[in-house]
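Hi everyone, thanks for coming. I'd like to walk you through a structure that's probably new to you, so let's put it up on the screen.

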Amino acid sequence: MASLKELRARINSVKSTKKITSAMKMVAAAKMNRAERRSREAKPFATTMQRILVNLKESLGDRPGLPKLLAGTGKQDIHLIIPMSSDRGLAGGFNGNINRATRGIVEKLLKEGKNVKICPIGFKSYVYFRGEYPNLVVGPEGGDHRLGNVTFDTADQIASYIEKLLQDEQCDVCTVVYNQFKNVMLQVPTELPLIPLNIAATEKREETLDEKLAVHTEQLQAEYLFEPEPEEVLHRLLPQNLRVQLFSAMLETNAGEQGARMTAMDSATRNAGKAIDKLSLHYNRTRQANITNELTEVISGANAA
């Protein structure tokens, strides 16, 4: 049985932990509001841009000479998988979910005999896949695979690396795996095909937007008049679209991370409160038992005298 001194020390330790988790919850909530706003503002632009390019791809058909960023290389041999996680832990199952989802994709491709390359964004994914698939992890030279503060420069760096792989015929298909931010309690691991552009994936992504954007998206189904020619428009827009899609997924990952951390710290704070109540009850009962024993000893001594 623990002594009163040990119980007091344990109660004080849990109280300190509760203060820390409560503070982390408030910090995560403040960060999440900003991250969610950035993600919400970027998503309509990213989705609309993707839809325009998909419509343009449909209008051009399967004519030869389409840019690789639009139609891919025509092969399905080398897959580049880009999982996005957070740089830090204490976010519940946020990182574990994305790592498991990515691992499932990688294992499936390897069983099919495909060549797979993994370019993690987020230190937690980098550490995980460096341990699981050390020979498959790649990345831009000089990059540390951290998500950081989510700037467009990071998206530009990754996009430039993807373009280099395509140019060197070291990549046929590119897919981002990220946690789509639904709400504070729910972040869903989602596959976003970047190369080639996927019509079904674009439509599925649009279903997550609000009704106003959905109506606006329906209006984009009409034919476009391009000036200059569609081919030149593609060459200008496709590199920008790649960066925008990466940046949008990174913003959603950041918002999801803060939401998951806020939820995890709220749960930890409540659990710490319950632990304090149980320890306090145990402390009081032990203290009462000690007092009763002391009184019994005094009374027994007095009776013996």
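**Rings, a strand pair and a cavity**

Let's start with Phe129 and Tyr133, which are both buried, where buried means under 20% relative accessible area, exposed over 50%, and partly exposed in between, with a 1.4 Å probe and protein chains only. Before I go on: this is a predicted model, where local features need pLDDT of at least 70, side-chain atom pairs count only at pLDDT 80 or more, and totals for chains, interfaces and linings use all residues. Residues are numbered from 1 along each chain as its sequence is written, and side-chain values use heavy atoms, with hydrogens and water left out.

Okay, aromatic pairs. Rings of Phe, Tyr and Trp (its six-membered ring) pair if their centres lie within 6.5 Å; planes under 30 degrees apart are stacked, over 60 edge-to-face, and the rest tilted. There are 4 such pairs here. Phe129 and Tyr133 have ring centres 6.3 Å apart and planes at 20°, so that one is stacked. Add Tyr128 to those two and you get one aromatic cluster.

Now Phe152 and Phe247: 5.4 Å centre to centre, with 75° between the planes, so an edge-to-face pair. Phe152 sits in helix H5 (residues 152-167) and Phe247 in helix H8, so the pair ties together parts 95 residues apart in sequence. By the way, helices (H or I, at least four residues) and strands (E, at least two) are DSSP runs, numbered from the N terminus. Are these two rings buried or partly exposed? Phe152 counts as partly exposed at 31% relative accessibility, while Phe247 is buried at 17%.

On to the strands. E1 (residues 78-83) and E2 (residues 115-118) pair in the parallel sense over 4 bridges; to pair, DSSP has to find at least two bridges between them. Ile81 stands opposite Ile118 in E2.

Last stop, the cavity. Picture a 1 Å grid over the protein atoms alone: a cavity is a set of points where a 1.4 Å probe fits but cannot get out, and lining residues have an atom within 4 Å of a point. How many cavities of 30 Å³ or more does the structure hold? Just 1, with about 50 Å³ of space. Strand E4 (187-195) and helix H8 (230-304) are the elements giving two or more residues to its lining, and H8 gives the most, with 4.

How values were computed. On a 1 Å grid over the protein atoms alone, a cavity is a set of points where a 1.4 Å probe fits but cannot get out, and a pocket is an open set with protein on both sides within 12 Å along at least five of seven lines; lining residues have an atom within 4 Å of a point. Grid points are joined across faces, edges and corners, and a volume is the space filled by probe spheres set on the points.
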